[in-house]
Amino acid sequence: MSQPTTQPLPPGQQLVAEGKWPNIGERLPADSDAPWSLTITGITGDDVTFTVEQLLALPQTKMTIDIHCVTRWSKLGVDFEGVLLSDLLDKFDIQKTKRFISFGSRSERNHSSSLEIEAAVELPTLIALKVDDKPLGIDHGGPIRNIVPKRYFYKSVKWLTQIDLLEEDRLGFWEAESGYHNQADPWKEQRYMAPAIDRRVAIELIKSRDFSNQDLRSIDATKRDLEKLIAVKALLRDADFTDTNLQNADFTAANLSNAHFRRANLRDACFRGADLEGADLTEADLIGADLTDCSLIGASFFQRENGQQLEAIIDSSTTIPESILEPLVPEQREFILSKLSGH
Ligand SMILES: Nc1nc2c(c(=O)[nH]1)N[C@H]1C(S)=C(S)[C@@H](COP(=O)(O)O)O[C@H]1N2
Ligand SMILES: [Mo]
(Lines give C-alpha, C1' and ligand atoms only; values in the text may rest on other atoms or scores of the structure.)
(Ligands and ions follow the chains in the order given, each with its own letter.)
Protein backbone atom coordinates (compact mmCIF):
# COMPACT_ATOMS: atom_id res chain seq x y z
CA MET A 1 0.00 0.00 0.00
CA SER A 2 1.27 3.47 -0.74
CA GLN A 3 1.55 6.13 1.94
CA PRO A 4 0.23 9.65 1.62
CA THR A 5 3.31 11.63 0.60
CA THR A 6 1.90 15.13 0.88
CA GLN A 7 1.87 15.15 4.70
CA PRO A 8 4.49 17.41 6.21
CA LEU A 9 6.94 15.35 8.22
CA PRO A 10 9.71 16.76 10.42
CA PRO A 11 13.22 16.25 8.97
CA GLY A 12 14.57 12.69 9.04
CA GLN A 13 11.20 11.09 9.89
CA GLN A 14 9.28 8.45 7.95
CA LEU A 15 5.69 7.24 8.24
CA VAL A 16 4.88 3.88 9.79
CA ALA A 17 2.54 1.62 7.87
CA GLU A 18 -1.14 2.55 7.98
CA GLY A 19 -2.72 1.22 11.17
CA LYS A 20 0.61 0.39 12.86
CA TRP A 21 1.75 1.82 16.18
CA PRO A 22 5.14 0.45 17.31
CA ASN A 23 5.91 -0.21 20.97
CA ILE A 24 9.05 1.57 22.10
CA GLY A 25 10.90 1.41 25.41
CA GLU A 26 9.24 -0.39 28.29
CA ARG A 27 6.51 -2.81 27.25
CA LEU A 28 4.70 -3.09 30.57
CA PRO A 29 4.42 -1.12 33.82
CA ALA A 30 6.00 -2.37 37.04
CA ASP A 31 4.03 -5.14 38.70
CA SER A 32 1.51 -3.83 41.22
CA ASP A 33 -2.02 -4.51 42.41
CA ALA A 34 -2.59 -0.92 43.50
CA PRO A 35 -5.41 0.82 41.66
CA TRP A 36 -4.24 3.36 39.09
CA SER A 37 -4.15 6.98 40.17
CA LEU A 38 -2.38 10.25 39.48
CA THR A 39 -0.71 12.20 42.31
CA ILE A 40 0.27 15.83 41.99
CA THR A 41 3.07 17.14 44.20
CA GLY A 42 4.71 20.54 44.53
CA ILE A 43 1.47 22.48 44.75
CA THR A 44 0.74 24.72 47.71
CA GLY A 45 -0.69 22.55 50.48
CA ASP A 46 -0.97 18.76 50.50
CA ASP A 47 -0.37 16.49 47.51
CA VAL A 48 -3.55 15.60 45.63
CA THR A 49 -4.41 12.22 44.13
CA PHE A 50 -6.97 11.52 41.39
CA THR A 51 -8.35 8.09 40.59
CA VAL A 52 -9.02 7.23 36.95
CA GLU A 53 -12.76 7.72 37.61
CA GLN A 54 -12.12 11.17 39.07
CA LEU A 55 -10.04 12.13 36.02
CA LEU A 56 -12.81 10.89 33.72
CA ALA A 57 -15.31 13.03 35.62
CA LEU A 58 -13.36 16.22 34.81
CA PRO A 59 -14.00 18.13 31.54
CA GLN A 60 -12.57 16.02 28.69
CA THR A 61 -10.71 17.45 25.71
CA LYS A 62 -10.14 15.72 22.36
CA MET A 63 -6.85 16.28 20.62
CA THR A 64 -5.49 14.88 17.36
CA ILE A 65 -1.71 14.71 17.42
CA ASP A 66 1.16 13.52 15.25
CA ILE A 67 3.54 11.08 16.95
CA HIS A 68 7.22 11.59 16.12
CA CYS A 69 9.59 9.07 17.69
CA VAL A 70 13.26 9.93 18.04
CA THR A 71 14.01 6.63 16.24
CA ARG A 72 12.65 8.28 13.08
CA TRP A 73 9.17 6.85 12.71
CA SER A 74 6.09 9.02 12.73
CA LYS A 75 2.40 8.27 12.99
CA LEU A 76 0.09 11.10 12.02
CA GLY A 77 -3.36 12.03 13.23
CA VAL A 78 -3.89 9.98 16.39
CA ASP A 79 -7.07 10.90 18.31
CA PHE A 80 -6.49 11.19 22.05
CA GLU A 81 -8.92 12.30 24.72
CA GLY A 82 -8.45 13.24 28.35
CA VAL A 83 -7.83 16.13 30.71
CA LEU A 84 -5.81 19.12 29.56
CA LEU A 85 -2.85 19.70 31.87
CA SER A 86 -3.87 23.37 32.10
CA ASP A 87 -7.38 22.42 33.27
CA LEU A 88 -5.85 20.20 35.94
CA LEU A 89 -3.27 22.73 37.15
CA ASP A 90 -5.87 25.53 37.23
CA LYS A 91 -7.37 23.80 40.27
CA PHE A 92 -4.30 24.49 42.36
CA ASP A 93 -2.25 27.29 43.70
CA ILE A 94 1.20 27.04 42.19
CA GLN A 95 4.08 29.11 43.51
CA LYS A 96 5.94 31.27 40.97
CA THR A 97 9.20 29.51 41.90
CA LYS A 98 7.95 26.25 40.37
CA ARG A 99 9.16 26.27 36.79
CA PHE A 100 9.48 22.60 35.82
CA ILE A 101 7.15 19.65 35.62
CA SER A 102 8.24 16.03 35.83
CA PHE A 103 5.99 13.19 34.67
CA GLY A 104 6.66 9.96 36.58
CA SER A 105 5.35 6.49 35.93
CA ARG A 106 4.71 3.08 37.43
CA SER A 107 7.90 1.71 35.96
CA GLU A 108 10.55 -0.82 36.89
CA ARG A 109 13.25 1.74 36.18
CA ASN A 110 11.43 4.76 37.54
CA HIS A 111 10.85 6.18 34.09
CA SER A 112 10.12 9.89 33.84
CA SER A 113 10.43 12.91 31.57
CA SER A 114 10.28 16.64 32.25
CA LEU A 115 9.39 19.96 30.63
CA GLU A 116 9.14 23.61 31.61
CA ILE A 117 5.65 24.08 33.08
CA GLU A 118 4.96 26.96 30.70
CA ALA A 119 5.89 24.89 27.62
CA ALA A 120 3.97 21.86 28.88
CA VAL A 121 0.83 23.96 29.26
CA GLU A 122 1.17 25.79 25.94
CA LEU A 123 1.94 22.80 23.69
CA PRO A 124 -0.63 21.75 25.18
CA THR A 125 -0.01 18.60 27.21
CA LEU A 126 -2.95 16.25 27.60
CA ILE A 127 -3.44 13.73 30.39
CA ALA A 128 -4.76 11.09 28.02
CA LEU A 129 -7.22 8.41 29.09
CA LYS A 130 -8.58 7.39 25.69
CA VAL A 131 -7.39 6.81 22.15
CA ASP A 132 -9.84 6.43 19.24
CA ASP A 133 -12.72 6.77 21.73
CA LYS A 134 -11.58 3.70 23.67
CA PRO A 135 -9.69 3.47 26.99
CA LEU A 136 -5.95 3.69 26.35
CA GLY A 137 -4.56 0.13 26.42
CA ILE A 138 -1.82 -0.92 28.83
CA ASP A 139 0.54 -1.59 25.89
CA HIS A 140 0.51 2.10 24.99
CA GLY A 141 0.68 3.47 28.51
CA GLY A 142 -2.91 3.16 29.72
CA PRO A 143 -4.86 3.81 31.75
CA ILE A 144 -3.16 7.22 32.18
CA ARG A 145 -0.44 8.69 30.00
CA ASN A 146 0.60 12.24 29.25
CA ILE A 147 0.69 13.25 25.60
CA VAL A 148 2.98 16.10 24.58
CA PRO A 149 2.32 17.29 21.03
CA LYS A 150 5.12 18.80 18.89
CA ARG A 151 7.85 17.04 20.88
CA TYR A 152 9.54 13.68 20.29
CA PHE A 153 7.40 10.98 21.80
CA TYR A 154 9.76 10.26 24.71
CA LYS A 155 8.21 13.29 26.45
CA SER A 156 4.92 11.32 26.53
CA VAL A 157 5.25 9.03 29.53
CA LYS A 158 3.40 5.73 29.69
CA TRP A 159 1.59 4.58 32.88
CA LEU A 160 1.61 8.07 34.38
CA THR A 161 1.20 8.04 38.16
CA GLN A 162 2.87 11.23 39.28
CA ILE A 163 3.22 14.88 38.33
CA ASP A 164 5.84 16.80 40.30
CA LEU A 165 6.10 20.58 40.09
CA LEU A 166 9.73 21.57 40.67
CA GLU A 167 11.95 24.60 41.09
CA GLU A 168 14.91 22.92 39.36
CA ASP A 169 14.65 20.64 36.36
CA ARG A 170 14.97 16.89 36.94
CA LEU A 171 16.22 15.19 33.76
CA GLY A 172 14.07 12.31 32.57
CA PHE A 173 15.18 8.72 32.10
CA TRP A 174 16.18 8.88 28.42
CA GLU A 175 17.49 12.39 28.74
CA ALA A 176 19.83 11.38 31.59
CA GLU A 177 20.60 7.84 30.48
CA SER A 178 20.90 8.12 26.73
CA GLY A 179 21.65 11.76 26.08
CA TYR A 180 18.27 12.45 24.48
CA HIS A 181 17.78 16.16 23.97
CA ASN A 182 15.86 17.87 26.77
CA GLN A 183 13.98 20.17 24.35
CA ALA A 184 13.03 17.38 21.92
CA ASP A 185 11.60 19.56 19.14
CA PRO A 186 11.31 17.32 16.04
CA TRP A 187 11.19 20.30 13.66
CA LYS A 188 14.61 21.36 14.95
CA GLU A 189 15.80 17.71 15.04
CA GLN A 190 16.70 18.03 18.71
CA ARG A 191 17.36 14.31 19.14
CA TYR A 192 20.56 14.27 21.19
CA MET A 193 22.55 16.50 23.48
CA ALA A 194 26.18 17.28 22.64
CA PRO A 195 28.52 14.26 22.43
CA ALA A 196 29.37 12.79 25.80
CA ILE A 197 32.97 11.77 25.10
CA ASP A 198 36.29 13.48 25.26
CA ARG A 199 37.91 13.92 21.81
CA ARG A 200 41.29 12.52 22.86
CA VAL A 201 39.70 9.41 24.36
CA ALA A 202 37.75 8.95 21.15
CA ILE A 203 40.89 9.19 19.03
CA GLU A 204 42.72 6.61 21.20
CA LEU A 205 39.81 4.19 20.92
CA ILE A 206 39.61 4.66 17.17
CA LYS A 207 43.33 3.77 16.97
CA SER A 208 42.84 0.64 19.09
CA ARG A 209 39.89 -0.52 16.92
CA ASP A 210 38.28 -1.94 20.04
CA PHE A 211 35.02 -0.28 21.13
CA SER A 212 33.64 -3.25 23.05
CA ASN A 213 31.45 -2.33 26.04
CA GLN A 214 32.37 1.34 25.68
CA ASP A 215 29.99 4.26 25.91
CA LEU A 216 30.71 6.14 22.68
CA ARG A 217 27.42 7.89 22.03
CA SER A 218 27.60 10.41 19.19
CA ILE A 219 31.26 9.58 18.44
CA ASP A 220 32.58 11.12 15.24
CA ALA A 221 34.18 8.19 13.39
CA THR A 222 33.65 9.48 9.86
CA LYS A 223 36.05 8.72 6.96
CA ARG A 224 38.13 6.28 9.03
CA ASP A 225 39.70 2.96 8.32
CA LEU A 226 38.12 0.75 10.98
CA GLU A 227 38.35 -2.58 9.21
CA LYS A 228 37.80 -5.45 11.69
CA LEU A 229 36.63 -3.03 14.39
CA ILE A 230 35.41 -4.90 17.47
CA ALA A 231 32.41 -3.15 18.96
CA VAL A 232 30.61 -5.91 20.85
CA LYS A 233 27.93 -4.44 23.15
CA ALA A 234 29.21 -0.93 22.51
CA LEU A 235 26.88 2.00 23.17
CA LEU A 236 26.96 3.82 19.84
CA ARG A 237 23.69 5.73 19.67
CA ASP A 238 23.93 8.53 17.11
CA ALA A 239 27.54 7.51 16.26
CA ASP A 240 28.71 8.83 12.91
CA PHE A 241 30.38 6.25 10.63
CA THR A 242 29.71 8.12 7.39
CA ASP A 243 32.21 7.06 4.67
CA THR A 244 34.04 4.74 7.08
CA ASN A 245 35.55 1.38 6.23
CA LEU A 246 33.99 -1.14 8.61
CA GLN A 247 34.62 -4.28 6.60
CA ASN A 248 34.42 -7.34 8.90
CA ALA A 249 33.50 -5.17 11.91
CA ASP A 250 31.82 -6.94 14.82
CA PHE A 251 28.82 -5.01 16.19
CA THR A 252 27.26 -7.96 18.03
CA ALA A 253 24.62 -6.69 20.50
CA ALA A 254 25.78 -3.09 20.04
CA ASN A 255 23.38 -0.20 20.47
CA LEU A 256 23.49 1.62 17.14
CA SER A 257 20.21 3.43 17.32
CA ASN A 258 20.20 6.48 15.04
CA ALA A 259 23.80 5.69 13.97
CA HIS A 260 24.92 7.11 10.62
CA PHE A 261 26.35 4.66 8.09
CA ARG A 262 26.02 6.57 4.82
CA ARG A 263 28.39 5.10 2.21
CA ALA A 264 30.09 3.00 4.92
CA ASN A 265 31.78 -0.22 3.84
CA LEU A 266 29.97 -2.85 5.93
CA ARG A 267 31.01 -5.90 3.93
CA ASP A 268 30.85 -9.04 6.07
CA ALA A 269 30.14 -6.94 9.18
CA CYS A 270 28.26 -8.67 12.00
CA PHE A 271 25.23 -6.92 13.54
CA ARG A 272 23.75 -9.91 15.37
CA GLY A 273 21.36 -8.74 18.09
CA ALA A 274 22.27 -5.10 17.50
CA ASP A 275 19.83 -2.22 17.93
CA LEU A 276 19.67 -0.39 14.59
CA GLU A 277 16.51 1.59 15.32
CA GLY A 278 16.53 4.78 13.28
CA ALA A 279 19.96 3.97 11.81
CA ASP A 280 20.75 5.39 8.38
CA LEU A 281 22.25 2.73 6.10
CA THR A 282 21.64 4.62 2.87
CA GLU A 283 24.33 3.71 0.30
CA ALA A 284 26.12 1.45 2.81
CA ASP A 285 27.70 -1.69 1.34
CA LEU A 286 26.06 -4.63 3.15
CA ILE A 287 27.37 -7.47 0.97
CA GLY A 288 27.88 -10.49 3.26
CA ALA A 289 26.74 -8.57 6.35
CA ASP A 290 24.71 -10.40 9.02
CA LEU A 291 21.69 -8.58 10.52
CA THR A 292 20.21 -11.57 12.37
CA ASP A 293 18.05 -10.52 15.37
CA CYS A 294 18.53 -6.79 14.76
CA SER A 295 15.91 -4.28 15.75
CA LEU A 296 15.14 -2.15 12.69
CA ILE A 297 12.24 0.17 13.61
CA GLY A 298 12.77 3.45 11.79
CA ALA A 299 15.95 2.29 10.01
CA SER A 300 16.48 3.32 6.41
CA PHE A 301 18.33 1.60 3.60
CA PHE A 302 17.42 3.93 0.77
CA GLN A 303 16.34 7.53 0.36
CA ARG A 304 15.01 9.57 -2.48
CA GLU A 305 16.88 12.85 -2.61
CA ASN A 306 16.50 15.52 -5.28
CA GLY A 307 14.90 13.03 -7.63
CA GLN A 308 17.71 10.51 -7.11
CA GLN A 309 17.36 7.13 -5.47
CA LEU A 310 20.26 6.42 -3.10
CA GLU A 311 20.44 2.74 -2.15
CA ALA A 312 22.26 0.42 0.24
CA ILE A 313 24.08 -2.41 -1.52
CA ILE A 314 22.36 -5.63 -0.53
CA ASP A 315 22.24 -9.00 -2.28
CA SER A 316 21.48 -12.62 -1.49
CA SER A 317 24.74 -12.84 0.52
CA THR A 318 23.35 -10.32 3.02
CA THR A 319 21.61 -12.02 5.97
CA ILE A 320 18.41 -10.16 6.88
CA PRO A 321 15.76 -12.59 8.16
CA GLU A 322 12.27 -11.66 7.01
CA SER A 323 11.04 -11.76 10.62
CA ILE A 324 12.98 -8.59 11.52
CA LEU A 325 11.62 -6.62 8.54
CA GLU A 326 8.12 -6.38 9.97
CA PRO A 327 8.61 -3.09 11.91
CA LEU A 328 10.14 -1.28 8.93
CA VAL A 329 8.07 1.20 6.95
CA PRO A 330 6.64 -0.55 3.86
CA GLU A 331 8.88 1.09 1.23
CA GLN A 332 12.01 0.13 3.17
CA ARG A 333 10.79 -3.43 3.67
CA GLU A 334 9.95 -3.84 -0.01
CA PHE A 335 13.30 -2.41 -1.03
CA ILE A 336 15.18 -4.97 1.11
CA LEU A 337 13.03 -7.89 0.00
CA SER A 338 13.61 -7.07 -3.66
CA LYS A 339 17.40 -6.80 -3.15
CA LEU A 340 17.60 -10.05 -1.15
CA SER A 341 15.82 -11.90 -3.89
CA GLY A 342 18.18 -10.39 -6.46
CA HIS A 343 15.96 -7.89 -8.29
N1 LIG B 1 7.11 4.60 31.22
C2 LIG B 1 7.67 4.77 30.02
N3 LIG B 1 7.23 5.73 29.19
C4 LIG B 1 7.80 5.91 27.97
C5 LIG B 1 8.89 5.11 27.55
C6 LIG B 1 9.35 4.10 28.43
O7 LIG B 1 10.28 3.35 28.12
N8 LIG B 1 8.72 3.96 29.66
N9 LIG B 1 9.48 5.32 26.31
C10 LIG B 1 9.21 6.61 25.63
C11 LIG B 1 9.54 6.56 24.21
S12 LIG B 1 11.17 6.70 23.78
C13 LIG B 1 8.56 6.51 23.25
S14 LIG B 1 8.93 6.66 21.60
C15 LIG B 1 7.15 6.30 23.61
C16 LIG B 1 6.65 5.05 22.95
O17 LIG B 1 5.31 4.87 23.21
P18 LIG B 1 4.53 3.63 22.59
O19 LIG B 1 5.24 2.38 23.03
O20 LIG B 1 3.13 3.74 23.05
O21 LIG B 1 4.64 3.82 21.07
O22 LIG B 1 6.95 6.19 25.01
C23 LIG B 1 7.76 7.04 25.80
N24 LIG B 1 7.33 6.89 27.16
MO1 LIG C 1 11.14 7.13 21.38
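The following legends describe close-up views of ligand 1 and its surroundings in a predicted model.

**View 1. The residue shell around ligand 1.** Ligand 1 is surrounded by 19 residues. Those that come nearest are Pro22, Glu26, Arg109, His140 and Lys158. Sorted by class, the shell comprises nine nonpolar, six polar and four charged residues.

**View 2. Polar contacts between ligand 1 and side chains.** In the side chain of Arg109, an N or O atom lies 2.6 Å from an oxygen atom of ligand 1. The side chain of Glu26 places an N or O atom 2.7 Å from a nitrogen atom of the ligand. For Asn23, the distance between a side-chain N or O atom and an oxygen atom of ligand 1 is 3.3 Å. On its own, ligand 1 has 530 Å² of accessible area, and the protein covers 100% of it.

**View 3. The cavity that holds ligand 1.** The structure contains one cavity of 30 Å³ or more. Ligand 1 sits in the largest cavity, which encloses about 300 Å³ of space.

**View 4. The lining of the largest cavity.** A total of 23 residues line the largest cavity. Nearest its centre lie Ile24, Arg145, Phe153, Tyr154 and Lys158. The lining is made up of 12 nonpolar, seven polar and four charged residues. Lys158 also belongs to the residues that come nearest to ligand 1.

Definitions and conventions: Residues numbered from 1 in each chain as written. Chains lettered and ligands numbered in written order. Predicted model: local features only at pLDDT ≥ 70, side-chain atom pairs only at ≥ 80, totals over all residues. Heavy atoms only, no water. Near = heavy atom within 4 Å. Polar contact = N/O pair within 3.5 Å; in protein donor to acceptor, adjacent residues only side chain to side chain. Areas by Shrake-Rupley, 256 points an atom, 1.4 Å probe, with all protein chains shown as cover. 1 Å grid on protein atoms, 1.4 Å probe; cavity = no way out; pocket = protein on both sides within 12 Å on 5 of 7 lines; lining within 4 Å. Sits in = over half its atoms within 2 Å of the grid points. Nonpolar A, V, L, I, M, F, W, Y, C, P; charged D, E, K, R; others polar. Points joined across faces, edges and corners; volume = space filled by probe spheres on them.
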